[in-house]
Every structure is written in structure tokens, then in C-alpha cells.
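Here's a quick walk through one protein model, taken a feature at a time. Keep the viewer open and follow along.

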Amino acid sequence: MTKRMLAVLGAMLAGVAAMPAEAQDDAAERIGTRAGDVLLRARAITVAPNERSGSILPAFPGEKVLIDNSVMPELDLTYMATDNIGFELIASTTKHHADGRSGTTGSIGRLASTWVLPPTLTVQYHFMPRSTVRPYVGAGINYTIFWNEKASSGLEDAVGRTRVHMSDSVGWAAQAGIDIDLWRKVFLNLDVKYIDIDTTARLDTAAIGTQRVRLNVDPLVFGIGLGLRL
């Protein structure tokens, strides 16, 4: 009887001793990321251009262009190649307007609009992958496509029928962000990116011929949203 009680007691003690390790293993499965994980994020983003505009040439020397901000949804995927290294690809499109800043074009106001598709691939370093709070930084490459460009009615009233074309752009990108676990597979994400975007806008007008303006758009992209570890 005594031997049997000692055996049962020994088994109970062994089970108790094993519980913290099992709890830690379970916690490790529930918290953070690891190699092979795929992270899907849905963000609301604000694209805030830091534009530097050349003159509108040849008809409007000294007159420049202002690009407005845009707020849109964004989706991105991150593949964790290792515990610390991830590859992120973003997919979003935003609409922007170009306005005259002074002189004749300033009096017209809105000159044109365009949609912008800037697929961006970054390589990220995640500092604390097994933590509930995981900051990261990244750098990579961007290819920006301008599409559905249109002249404003105000511009066409001033210079006649106008076709607008904006050249595509290849540039670099940098980012910093943080993921914060909310539930087992769901996390909050805060992210900011700088994207190098340079383009030339060409305006083919009926009254004053072809006008060109060089634009360095170079936006900051601020994002907040939720992520899911797949």
C-alpha cells in the first residue's frame, strides 16, 4: 500500500514538474512569429507626398504643382524566411490630385488627377520575434504605376482638350513598424514607410501644345490596421 501511494505521489509530482514546460511550449505557440509564418495585414493608410515640383514648361516657367494627400485601404503579405527576417509585399492604390500653386495655373486650381499603384517589396528585420510586442525595420524597392490620369474641367476650360500622362517610377523604400499581439493569431500593426517616387507629367493641350513638369513625389505612408498570422 505504501509503495503504491509513493508511486502515485511520484507520478503526480512528475506531472506537476512537467506542467511549466508544457505551458511554456503552449505559450510559445501562441505568441510571436517564427520562420515559415505568413502574416496578412489589412491597414488604413494615409499617403502624404513630400513633393518637389519643377516648373511647368515651356508655357509656365516658375509655376509649380502641389500633390494632395490620400487615404485608402491597403493589404500586404509578409513571409518570415527566418525568425528575424521577413519579406513584405504591399498592394494598394490611391487617388491624388495635382493643383497649381501660383500664377495662371494657381488661378485654375485643380489641374489633373491620377490613380497611383505602388507595389513595394521590403526586406524586414524583426527584433523580438517571440515577444507579444515586435518592432521591425525594413528596406526595399518600389515600382510605381500611374493610371487613369485625367485633366480637370478647369484646365480644359482654360487650354482646351488635354491629355495627361505620368511616367512610371522605380525607387527605393524604407519602413519601420511594430506588431502587437491581441489574440493568439491576431495582432495590431502600426507602420510608416518612405517611398522614393519620381515622375514626369506630360500635358498635351489643344491651345498651348505639350507642357511637362518634373515631380518628386516621395511620400510618407502612415498605416494602422490588423494582422493575421496564417
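What follows covers strand pairing, a nonpolar patch, ring contacts and a few unusual backbone spots.

Before anything else, keep in mind that this is a predicted model.

**Strands 1, 4 and 5**

Let's start with strand 4, residues 70-80, and its partners. Strand 1 (residues 38-48) and strand 4 run antiparallel and are joined by 10 bridges. Strand 4 also pairs with strand 5, again antiparallel, this time through six bridges. Getting from strand 4 to strand 5 takes a hairpin of four residues. A handy residue to click on here is L77 in strand 4, which has L40 standing opposite. L77 also stands opposite L89 in strand 5. So much for the pairing; L89 turns up again in the next part.

**A nonpolar patch**

Which residues make the nonpolar surface patch? The members are Y79, F87, L89, L121, V123, I141, Y143 and V170, and together they give a patch of about 730 Å². Two or more of these residues come from each of strand 5 (85-91), strand 8 (120-126) and strand 9 (133-151). I141, for one, is found in strand 9.

**Rings**

Now for the aromatics. In general, you describe a pair of rings by how far apart the centres are and by the angle of the planes. How many aromatic pairs does a search of the whole structure find? It comes up with three. Two of them are set out here:

| Pair | Geometry | Centre to centre | Angle between planes |
|---|---|---|---|
| Y125 and F127 | edge-to-face | 5.2 Å | 75° |
| W172 and Y194 | tilted | 5.2 Å | 40° |

What does the W172 and Y194 pair tie together? W172 sits in strand 11 (residues 169-181) and Y194 in strand 12 (residues 186-195), so this contact links parts that are 22 residues apart in sequence.

As for how much of these rings' residues is covered, Y125 is partly exposed at 36% relative accessibility, and F127 is partly exposed as well, at 45%. In the tilted pair, W172 has a relative accessibility of 46% and counts as partly exposed, while Y194 is partly exposed with 25%.

There's also a charge-over-ring contact worth a look: R134 lies over the face of F187, at 5.6 Å from the ring centre.

**Backbone oddities**

Three backbone spots are left to visit. The peptide bond from L57 to P58 is cis, with omega near 10°. P58 belongs to the loop between strand 2 (52-53) and strand 3 (65-67).

The other two involve phi. N148 isn't a glycine, yet its phi is positive, at about 55°. You'll find N148 in strand 9. D218 is another residue other than glycine with a positive phi, near 45°. D218 lies in a loop, between strand 14 (209-216) and strand 15 (220-229).

Is D218 buried or exposed? With a relative accessibility of 2%, D218 counts as buried, because buried means under 20% relative accessible area. N148, by contrast, is partly exposed, at 37% relative accessibility.

Methods: Residues numbered from 1 in each chain as written. Predicted model: local features only at pLDDT ≥ 70, side-chain atom pairs only at ≥ 80, totals over all residues. Heavy atoms only, no water. Patch = residues over 30% accessible without salt bridge, like charges linked within 9 Å, V, L, I, M, F, W, Y side chains within 5 Å. Areas by Shrake-Rupley, 256 points an atom, 1.4 Å probe, with all protein chains shown as cover. Salt bridge = Lys/Arg side-chain N within 4 Å of Asp/Glu carboxyl O. Phe/Tyr/Trp six-rings, centres within 6.5 Å; stacked < 30°, edge-to-face > 60°. Buried < 20%, exposed > 50% of the residue type's maximum accessible area, 1.4 Å probe, protein only. Lys NZ or Arg CZ within 6 Å of the ring centre and 35° of its normal. Pairing = 2+ DSSP bridges.
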